[in-house]
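Here are my comments on the model you sent, set out as numbered points. I begin with the strand pairing in one chain and then turn to the other chain and to the contact between the two.

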Amino acid sequence: MGLEITTTKLEDLANWGRKFSFFTYPFITACCGMEFMSVAAPKYDLARFGAEFPRFSPRQSDLMMVVGTITEKQGPALKRVYDQLAEPAFVIAFGVCASTGGFYQNYSVVPGIDQIIPVDVYIPGCPPRPEQVLDGIMLLQKKVAEGRTHHQVRGRREALEKREQQNEGA
Amino acid sequence: MSQAVLDALTSKFGDAILSTQSKYQDESVTVAPAKLVEVCTFLKDDDKMAFDSPVFLTCTDHMGLPDEKHRFEVVVQLRSTTKKHRIRIKVPLEEGKLKVPTLSGLWVGFNWLERETYDMYGVEFEGHPDMRRIYMYDEFEGFPLRKDFPKDRRFPLARREWTDE
């Protein structure tokens, strides 16, 4: 019997697991929500990507889908929900309103939620087709597997800084 | 259709009625701000008028229009569900003195609409029980539906610090 050794980085293994088990927090404010329902329903079947289970508490989710227009008045609530997500947290801006403010160029609408929280994947469209959303999910899976989302990059940088500080202290 | 209402108002109030318009069966009357409550009390309480339904209350900004004599005009639409007639009341305002007596004492439904008009145009309603913003937050400055409000002016409540990751 030959000696078989499988080696991988622990981080890569964890990311492989994460990409197939997104727990979605749907932050739904507007008409894009219809498309989100369509994506989550059996016809387009988000379950094929392991993200079928929307949790309505941010503490039980790691993927925040911001679906619809975010007004300035909602900004603090959005920030607060994002801060409560389980780490590492990922964010998808669903539709043009969440991505850029869309056609609401006025006093009351945030010009893109990336003014308030970091966004990993932008899905354009008004509203986007379910196929576009699935494409966005696949892009996010790729990004998570490669460890390139905002939260993962920040985590690595902070770990690096911590180690440097420890080395200086030693 | 509502010509009878216009005739009754002009004969009863005379000088307080600045003008009347009747177009496409859509009757409107321009009233001086000082007499507004008196005219509206008559419209509500008189048996032949019986305006029991407050439809809307808002404001228009005439900045830059060729017929701009008064910049702001408060517009009130009333309807009678028993007499089946309706009327629109316009109240021209001088700039610098954006004050109108409140109608929320006559029709309670105008309470929030007057707050909205204050929120968006800065018209104050004297005697209103709770004259403060209704949609926008307290940190918001200015009145966003005025024509001279810049479209890119915002008062953010939350912004993140940008880092180039």
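1. In chain B, Thr30(B) stands opposite Lys90(B), a residue of strand β5(B). The two strands concerned, β2 (residues 26-31) and β5 (residues 86-93) of chain B, run parallel and are joined by 3 bridges. Please keep in mind throughout that this is a predicted model, and that every statement below concerns that model.

2. On the antiparallel side of the arrangement, strand β4 (residues 72-79) of chain B pairs with β5(B) over 8 bridges. Two of the facing pairs may help in checking the register: Glu73(B) has Pro92(B) of β5(B) as its bridge partner, and Gln77(B) stands opposite Arg88(B) in β5(B). The hairpin formed by β4(B) and β5(B) has 6 residues between the strands, and there Lys84(B) takes a positive phi near 60°.

3. Strand β4(B) also pairs with β3 (residues 53-61) of chain B, again in the antiparallel sense and over 8 bridges; within this pairing, Thr58(B) has Val75(B) of β4(B) as its bridge partner. The two faces of β4(B) can be told apart, since the covered one carries Phe72(B), Val74(B), Val76(B) and Leu78(B), while the uncovered one carries Glu73(B), Val75(B), Gln77(B) and Arg79(B).

4. Turning to chain A, I count 6 helices and 4 strands, which follow one another along the sequence in the pattern α-β-α-β-α-β-α-β-α-α. The C-alpha atoms of the chain fill a box of roughly 60 × 45 × 25 Å along the principal axes, and 38% of its 170 residues count as buried. Among contacts in chain A between residues at least 6 apart in sequence, 79% join residues that are at least 24 apart.

5. Which residues touch the most other members of the largest nonpolar core? Of the 39 residues in that core, they are Met64(A), Val66(A), Phe94(A) and Ile113(A). Several elements of chain A, namely β1 (24-28), α2 (32-40), β2, α3 (75-84), β3 (90-94), α4 (96-100), β4 (121-123) and α5 (130-145), each supply at least two residues of this core. Apart from it lies another core, of 27 residues, which includes Leu57(B), Val74(B), Ile89(B) and Leu113(B). As general background, nonpolar side chains in soluble globular proteins tend to be buried together.

6. Val66(A) lies in strand β2 (residues 63-67) of chain A. Why does Val66(A) count as buried? It does so because 28 other C-beta atoms lie within 10 Å, where 20 or more are required. Not counting residues up to four places away in sequence, Val66(A) touches Phe27(A), Val91(A), Ala93(A), Phe94(A), Ala98(A) and Ile113(A). By contrast, the C-alpha atoms of Val66(A) and Lys9(A), 57 residues apart along the chain, are separated by 32 Å.

7. For Met64(A), once its neighbours within four places in sequence are left aside, the contacts are with Tyr25(A), Phe27(A), Val81(A), Tyr82(A), Leu85(A), Ala89(A) and Val91(A).

8. Val133(A) has its place in helix α5 of chain A and is buried, with 27 other C-beta atoms within 10 Å. Leaving aside neighbours within four places in sequence, Val133(A) is in contact with Glu35(A), Val39(A), Phe94(A), Ile123(A) and Pro128(A). Its C-alpha atom is separated by 9.5 Å from that of Tyr122(A), which is 11 residues away along the chain.

9. Is helix α6 (residues 150-169) of chain A largely in the open or largely buried? Of the 20 residues of α6(A), the number buried is 1, so the helix lies largely in the open. From its first C-alpha to its last, α6(A) reaches 29 Å, close to the 28 Å expected at 1.5 Å a residue.

10. Lastly, the contact between the chains involves 14 residues of chain A and 13 residues of chain B. On the side of chain A that touches chain B, α3 and α6 each supply at least two residues. By class, that side of chain A has 5 nonpolar, 5 polar and 4 charged residues.

Key:
Residues numbered from 1 in each chain as written. Chains lettered and ligands numbered in written order. Predicted model: local features only at pLDDT ≥ 70, side-chain atom pairs only at ≥ 80, totals over all residues. Buried ≥ 20, exposed ≤ 12 C-beta atoms within 10 Å, placed from the backbone. Contact = placed C-beta atoms within 7 Å. Core = buried A, V, L, I, M, F, W, Y, C linked by C-beta atoms within 7 Å. Expected span 1.5 Å × (residues − 1). Nonpolar A, V, L, I, M, F, W, Y, C, P; charged D, E, K, R; others polar. Pairing = 2+ DSSP bridges.
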